[in-house]
Amino acid sequence: MYIANFPDKESIIRTLLNWIDEPLTDRKAVYELFKSEGEWASVNFTLEANISY
């Protein structure tokens with residue numbers, strides 16, 4: 001469902017699914033991915049929900 005709504009994020013989802021099967025030991029890579037994608041998700045989901053502060 002996520003890929004259907006955000007096709008540009010397919011590679012990120014595939015990466016996360018691969019990490020389930022083969023966990024990454026590079027903590028910095030994990031942190032950087034979560035940081036960048038977390039920021040993207042926060043901005044975009046807030047916009048989608050039309051939350052006004």
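**A salt bridge and its surroundings**

Let's start with a pair of charged side chains: lysine 9 and glutamate 37 come together in a salt bridge, with 2.9 Å from N to O. This pair ties together distant parts of the chain, since lysine 9 sits in the loop between H1 and H2 while glutamate 37 belongs to helix H3 (residues 27–49), 28 residues away. Keep in mind that this is a predicted model.

Are the two partners buried or exposed? Lysine 9 has a relative accessible area of 12%, so it falls under the 20% cut-off and counts as buried. Glutamate 37 comes out at 18%, so by that cut-off it is buried too. If you look around lysine 9 and skip residues up to four places away in sequence, you'll find it touching Tyr2, Glu37 and Trp40.

Now zoom out to the whole chain. The protein has 3 helices and 0 strands, and reading along the sequence gives you a plain α-α-α pattern. Of its 53 residues, 17% count as buried. The accessible surface adds up to about 4,600 Å², with 57% of that belonging to carbon and sulfur atoms.

How far does the predictor trust its own model? The mean pLDDT of the protein is 83, and 87% of the residues reach 70 or more. Confidence is lowest in helix H1 (residues 2–5), where the mean is 79, and highest in helix H2 (residues 10–21), where it is 89.

Helix H2 is a good place to go next. The structure holds 2 salt bridges, and one of them joins the side chains of arginine 14 and glutamate 10 at 3.0 Å, N to O. Why does this pairing fit the helix? Arginine 14 and glutamate 10 are 4 residues apart in H2, which means that about one helical turn separates them. As for exposure, arginine 14 has 44% relative accessibility, so it is partly exposed. Glutamate 10, at 32%, also counts as partly exposed.

One more residue in this helix deserves a look: threonine 15, which is placed in H2 as well. Its side chain reaches back to the backbone oxygen of serine 11, at 2.9 Å. With a relative accessible area of 27%, threonine 15 is partly exposed. Measuring from C-alpha to C-alpha, threonine 15 and leucine 33 are 9.7 Å apart in space, with their positions 18 residues apart in sequence.

Key. Residues numbered from 1 in each chain as written. Predicted model: local features only at pLDDT ≥ 70, side-chain atom pairs only at ≥ 80, totals over all residues. Heavy atoms only, no water. pLDDT = per-residue confidence, 0-100. Helix = DSSP H or I, 4+ residues; strand = E, 2+ residues; numbered from the N terminus. Buried < 20%, exposed > 50% of the residue type's maximum accessible area, 1.4 Å probe, protein only. Polar contact = N/O pair within 3.5 Å; in protein donor to acceptor, adjacent residues only side chain to side chain. Areas by Shrake-Rupley, 256 points an atom, 1.4 Å probe, with all protein chains shown as cover. Contact = heavy atoms within 4.5 Å. Salt bridge = Lys/Arg side-chain N within 4 Å of Asp/Glu carboxyl O.
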